[in-house]
Amino acid sequence: MMDSRQRDEQETRNTAQVMVGIEHLASQPDLPIDLDLACHINRLTLLKTDRDYWAGDSYTTVKCLSAQKDIHVQLTWPQLGSDFDLHFIRPGGAYGTSPDDCYYNNRNPHWGVAGMAEDNPALDVDCITGCTIENIVLQRAFNGAFTIKVHYFSDHGHGPSSPRVRVWVAGQQLDFGPQQMTSGQVWDVATVTWPAGAVSVIDQVRDPLPGEEFPAKP
Ligand SMILES: [Ca+2]
C-alpha cells in the first residue's frame, strides 16, 4: 500500500506539463496568470531567465482535493464595468424562471432528487461592475438536456463587449466565443445532454424575445 508521500509522487507523475512563457516588464509589478489546474496534485515551477541566461527557479505544489464535477460552465468577459450574466437551465425548463434557470436571481435552486445537494446547480457570484467571471457548477447531473445562455444585462455605458464561455463536461473542455454582444442581447450558447455528455452547439447572438426582460437589479 502506498503512503501519502508515494501517492503524491505518483499523482505528480500523472500530471500533464504545460509551459507558459511570459515576458515580465519591470514597469508591471504584478504578474497575473490564469492556469487551469487539474484535480489531485499540481506542481507549479517558476523559471526566471535574464535574456539568454538562466537566473533561478522556484516551485510550489498546489493540491486540488475537490471531486470532478459533471458539468462546469464558466463565463468571462474582457471589460470591467459591463454586466454579463450566465444562465444554466435544467431539462425542459424556461429561461429566466425559478427554479428552472440557475442565474443571479436563483443561484442555488433545488433540482433533481429531493434532499440531495449534489444535483443542485450553484452560481458562485453575480459580477455586476467589479469582476468579470461567473461560474455555475453541477456536481451530479441527471438525465436530459441542460441549456447554456449568456445575457448582456447592462453595458453600464461601456458599449459592446465580447464574452467567452468555457464548459467542462465530465472533465472534457469546450470553448465558445468570443461573441460580440450589445447591451440587452442574448447569446444562445449550447445544450449539454446527460448522461451521454454530448454538446449541441447553438452559438447564436440575438435580441431578447418578448417576455425575456429582467427587472433592474437592486
Ligand atoms: Ca453578472
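**View 1. Ala-170 sits in the loop between S9 and S10.** This is a predicted model, and our tour starts at a backbone oddity. Ala-170 has a positive phi of about 50°, even though Ala-170 is not a glycine. Is Ala-170 buried, partly exposed or exposed? With 14 other C-beta atoms within 10 Å, Ala-170 counts as partly exposed.

**View 2. His-156 is another residue with a positive phi, this one in the loop between S8 and S9.** Phi of His-156 is near 50°, and again the residue is something other than glycine. As for its surroundings, His-156 has 13 other C-beta atoms within 10 Å, which makes His-156 partly exposed.

**View 3. Stepping back, the whole protein has one helix and 12 strands.** Reading from the N terminus, the helix comes at the start and the strands follow, in the pattern α-β-β-β-β-β-β-β-β-β-β-β-β. There are 218 residues in the protein, and buried ones make up 22% of them. Take the contacts with a separation of 6 or more: 51% of those are between residues 24 or more positions apart.

**View 4. One open sheet is built from five strands in the order S6-S7-S3-S9-S10.** The pairing here is antiparallel. Which strands are at the edges of this sheet? They are S6 (residues 122-123) and S10 (residues 172-176), each of which pairs on one side only. Zoom in on the S6 end and you find two bridges joining S6 to S7, with the two strands running antiparallel. Ala-122 has Val-137 in S7 as its bridge partner.

**View 5. A further open sheet has five strands in the order S5-S4-S8-S11-S12.** Here, too, the pairing is antiparallel. S5 (residues 101-102) and S12 stand at the edges with a single partner strand each, so one side of each has no neighbour in the sheet. At the S5 end, two bridges join S4 to S5, and these strands run antiparallel. Look for Phe-88, whose bridge partner in S5 is Cys-102. As a bit of background, strands of a sheet pair through backbone hydrogen bonds, and they can do so in parallel or antiparallel fashion.

**View 6. The loop between S4 and S5 holds Pro-99, which follows a cis peptide bond.** The bond in question runs from Ser-98 to Pro-99, with omega near 5°. To find Pro-99 on the model, follow the chain through the loop that lies between S4 and S5.

**View 7. S11 and S12 make a hairpin with three residues between the strands.** S11 covers residues 186-194, and seven bridges join S11 to S12, the two running antiparallel. One facing pair to look for is Val-186 and Arg-206, the latter in S12. The turn has some quirks of its own. The peptide bond from Trp-194 to Pro-195 is cis, with omega near 15°, and Pro-195 is in the loop between S11 and S12. Gly-197 takes a positive phi near 75° in this hairpin.

**View 8. Strand S12 is hardly covered.** How many of the nine residues in S12 are buried? The count is zero. Val-201 makes a handy example, as Val-201 lies in S12, which spans residues 198-206. Val-201 is exposed, with 11 other C-beta atoms within 10 Å. Look across from Val-201 to Thr-191: the two are 10 residues apart along the chain, and their C-alpha atoms are separated by 6.7 Å.

**View 9. The largest nonpolar core has 28 residues.** Among these, Val-73, Leu-86, Phe-88 and Val-165 touch the most other members. The elements giving two or more residues to this core are S3 (71-76), S4 (83-89), S7 (133-138), S8 (144-154), S9 (164-169) and S11. Which element gives the most? That would be S11, with five residues. In soluble globular proteins, nonpolar side chains tend to be buried together.

**View 10. Val-73 makes a good centre for a last close-up of the core.** Which residues is Val-73 in contact with, leaving aside neighbours within four places in sequence? The list reads Leu-86, Phe-88, Ile-136, Ile-148, Val-165 and Val-167. Phe-88 may ring a bell from the sheet in View 5, where Phe-88 is the bridge partner of Cys-102 in S5.

Technical notes
Residues are numbered from 1 along each chain as its sequence is written. This is a predicted model: local features need pLDDT of at least 70, side-chain atom pairs count only at pLDDT 80 or more; totals for chains, interfaces and linings use all residues. Helices (H or I, at least four residues) and strands (E, at least two) are DSSP runs, numbered from the N terminus. A residue is buried if 20 or more other C-beta atoms lie within 10 Å of its own, exposed if 12 or fewer, and partly exposed in between; C-beta atoms are placed from the backbone. Two residues are in contact if their C-beta atoms, placed from the backbone, lie within 7 Å. Two strands pair if DSSP finds at least two bridges between them. A nonpolar core is a set of buried Ala, Val, Leu, Ile, Met, Phe, Trp, Tyr and Cys residues joined through C-beta atoms within 7 Å.
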